[in-house]
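Got the viewer open? Let's take a walk through this one together, a selection at a time.

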Amino acid sequence: WQQMKALVADEDLQERNTGQVQRRSMAQLILSAFMTVFWLDISFCCYTFIGFVGSFAWSMVGFNWLADADCCAGFASWVVAVLGTVYPLYVVVFVACWLLLVHCFAEFLPCDL
């Protein structure tokens, strides 16, 4: 909604500056606002996925650094490395179980649509 208001405000500003009226239809406004939100959502999903995989990879690097270290690393360092490595695996298993649950319970729900 805010995106559509901004588009209309831009049209009004353009009309005041140039004196020309170039109004878009409601369908064009909705499509323009939808595409803006769509690309923001896609970029957020890609960023989240890349960050998730990168976090796992960086935790694996840290885990290997601790394993190869000649000095005695503290307990907290090991806990952080293990949690950083295990958390993404937990998320993948959780999502798989959730999808399985949704699939299994979908058969029990009535479809009276």
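Here is a tour that starts with the whole chain and then moves in on the place where two helices meet.

**Stop 1: the whole chain**

Before you click on anything, keep in mind that this is a predicted model. Show the protein as a cartoon and you'll find three helices and zero strands. Going along the sequence, that reads as α-α-α.

Now colour by pLDDT. The protein's mean is 77, and 81% of its residues reach 70 or more. Helix H1, residues 2–18, has the lowest mean pLDDT among the elements, at 71, while H3 has the highest, at 84. Here's a handy habit: where pLDDT is low, don't read the predicted coordinates in detail.

If you switch to a surface, how much of the protein is buried? Buried residues make up 11% of its 113 residues.

**Stop 2: helix H2**

Select residues 26–68, which is helix H2. With 43 residues, H2 reaches 63 Å from its first C-alpha to its last, close to the 63 Å expected at 1.5 Å a residue. Try picking out the buried residues of H2: Leu29, Ala33, Ser59, Gly62 and Leu66.

**Stop 3: helix H3**

Next, select residues 75–106 for helix H3. Put a ruler between the C-alpha atoms at its ends and you get 45 Å; its 32 residues should span 46 Å at 1.5 Å a residue, so the two agree. The buried residues here are Ala81, Gly84, Thr85 and Pro88. What covers them? H2 is part of the cover.

**Stop 4: where H2 and H3 meet**

Show both helices together. Two packed helices are described by the angle between their axes and the distance between the axes. In this pair, the axes come within 9 Å and cross at roughly 145°. The crossing of H2 past H3 is left-handed.

Turn on side chains to see who takes part. From H2 come Phe52, Phe56, Ser59, Met60, Phe63, Leu66 and Ala67, and among their partners in H3 are Trp78, Val82, Tyr87 and Leu89. Colour this contact by class: you'll count 13 nonpolar residues, four polar and no charged ones.

As you look along a helix, remember that an α-helix has 3.6 residues a turn, so residues three or four places apart point the same way.

**Stop 5: Ser59 and Thr85**

Zoom in on Ser59, in helix H2. Is Ser59 buried or exposed? Its relative accessible area is 12%, so Ser59 is buried. Leaving out residues up to four places away in sequence, Ser59 touches Ala81, Gly84 and Thr85.

Hop across to Thr85, which sits in helix H3. Thr85 has 12% relative accessibility and therefore counts as buried too. Setting aside neighbours within four places in sequence, the contacts of Thr85 are Phe56, Ser59, Met60 and Phe63.

**Stop 6: Phe56**

One of those contacts of Thr85 is Phe56, so select that next. Phe56 belongs to helix H2, and it is partly exposed, with a relative accessible area of 28%. Which residues does Phe56 touch, not counting those up to four places away in sequence? They are Gly84, Thr85, Pro88 and Leu89. For a distance check, draw a line from the C-alpha of Phe56 to that of Tyr87: they are 31 residues apart in sequence and 8.2 Å apart in space.

**Stop 7: Val91**

Finish at Val91 in helix H3. Val91 counts as partly exposed, at 23% relative accessibility. Draw one last line, C-alpha to C-alpha, from Val91 to Phe52: 39 residues separate them in sequence, and 10.0 Å in space.

Then zoom back out to the whole protein. Of its contacts with a separation of 6 or more, 40% are between residues 24 or more positions apart.

Notes: Residues numbered from 1 in each chain as written. Predicted model: local features only at pLDDT ≥ 70, side-chain atom pairs only at ≥ 80, totals over all residues. Heavy atoms only, no water. Axes fitted to C-alpha atoms, helices over the stretch in contact; angles between N-to-C directions. Helix = DSSP H or I, 4+ residues; strand = E, 2+ residues; numbered from the N terminus. Left-handed = near helix turned anticlockwise from the far one by under 90°. Contact = heavy atoms within 4.5 Å. Nonpolar A, V, L, I, M, F, W, Y, C, P; charged D, E, K, R; others polar. pLDDT = per-residue confidence, 0-100. Expected span 1.5 Å × (residues − 1). Buried < 20%, exposed > 50% of the residue type's maximum accessible area, 1.4 Å probe, protein only.
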